[in-house]
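Here is a short set of questions and answers for a first-year student. Please look over the sequence and the structure before reading on.

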Amino acid sequence: MKSIKEITVALKDAEEWQEWMSGIAEDERVGVQKAWLTWQKKQDKKRQLIQEHQEKVAFDLSYGGIDALIAGVDEAGRGPLAGPVVTAAVILPTNSEALVGLNDSKQLSKDKRNAFAALIKKHAISYFIHFQSAQQIDELNIYEATKQSMKASVESLSRKPDYVLVDAMTLPMAIPQDSIIKGDAKSLAIAAASILAKTARDDYMEQLDKDFPMYGFAQHAGYGTKQHLKALEEYGPTIHHRKSFEPIKSMFE
């Protein structure tokens, strides 16, 4: 009979059910049953992720079928007081098993977002990430700046999409499109775009933190936290702050 430790290690390494597991349910040792329950929960989670992935793929395919090029578009950074708004457009292949578990960027840890960003860039048919500066945001307003950035990201794709799925926005372009509320939870392509936009903006703000360490950009990414507001009071705004956003607007007035 295998020891509890041997069974625990074997279950931890097993990705699929194997013949040797058939007798585990009758093993009355508490340690074995605990390990077996953990393995079953892991499998349940895996099946759930696969189902959710298939639903997202099916959603995208409903807009043109297996041969259509479907672009997902999303943004990151509409709300912060500083830094760019970043948008991304992504066309994924129909065969995208490598992206099982891909979800709205807000639902994933930083490490998982970075890992998925690398996978998306590796497997995507085409992708493009666009940065819209704080100056453009002030000139156009945040809504228009985001919309123009999304349009630019789509038009910069190396392959022209047959259909564009946009997270809660309608773009001024001739390509057929649909505005999807909470699209990053429904569409795999939009979820991929949200990951690329979020990770690119976070990287940008971390680099900005090196030039302006007193503001804490690496911690809050430009959002109006207490730390950020305190730094603004003490040091004033930088060229990367949005002059059309309060309280920065009042500082200039």
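The turns below deal with nonpolar cores and salt bridges in this predicted model.

Student: Which helix gives the most to the largest nonpolar core?

Tutor: In soluble globular proteins, nonpolar side chains tend to be buried together. Here the largest nonpolar core has 21 residues. Strand 2 (85–91), helix 3 (110–123) and helix 6 (188–211) each supply at least two of the core's residues. The greatest share, eight residues, comes from helix 6.

Student: Leaving aside neighbours within four places in sequence, which residues is Ile195 in contact with?

Tutor: Ile195 is one of the residues with the most contacts inside the largest core, along with Val90, Leu92, Leu102 and Ile120. With neighbours within four places in sequence set aside, the contacts of Ile195 are Leu102, Asn103, Ser105, Leu108, Arg113, Phe116, Ala117 and Ile120.

Student: How many residues are in the other core, which includes Leu81 and Phe217?

Tutor: This core lies apart from the largest one. Ala82 and Ala231 are also among its members. Its size is 15 residues.

Student: What is the N to O distance between the side chains of Glu15 and Lys42?

Tutor: Side chains of opposite charge can pair when their charged atoms come close. Glu15 sits in the loop between helix 1 (4–13) and helix 2 (30–61), while Lys42 is in helix 2, so the pair, 27 residues apart, links distant parts of the chain. A salt bridge needs a nitrogen within 4 Å of a carboxyl oxygen. The N to O distance for Glu15 and Lys42 is 3.9 Å.

Student: Is Lys42 buried or partly exposed?

Tutor: Buried means under 20% relative accessible area, and exposed means over 50%. Lys42 has 36% relative accessibility, so the residue counts as partly exposed.

Student: Which residues are linked with Glu15 and Lys42 in a network of salt bridges?

Tutor: The structure holds 12 salt bridges. The network that contains Glu15 and Lys42 also takes in Glu16 and Lys46.

Student: Why are Asp44 and Arg47 separated by about one helical turn?

Tutor: The side chains of Asp44 and Arg47 meet in a salt bridge of 2.4 Å, N to O. Asp44 is partly exposed, at 44% relative accessibility. The separation is about one helical turn because the two residues lie in helix 2, three residues apart.

Student: Which helix holds both Glu155 and Lys151?

Tutor: The side chains of Glu155 and Lys151 meet in a salt bridge of 2.6 Å, N to O. The two residues are four residues apart, about one turn of the helix. Both lie in helix 5 (residues 142–155).

Conventions: Residues are numbered from 1 along each chain as its sequence is written. This is a predicted model: local features need pLDDT of at least 70, side-chain atom pairs count only at pLDDT 80 or more; totals for chains, interfaces and linings use all residues. Side-chain values use heavy atoms; hydrogens and water are left out. A nonpolar core is a set of buried Ala, Val, Leu, Ile, Met, Phe, Trp, Tyr and Cys residues joined through side-chain atoms within 4.5 Å. Buried means under 20% relative accessible area, exposed over 50%, partly exposed in between (1.4 Å probe, protein chains only). Contact means heavy atoms within 4.5 Å.
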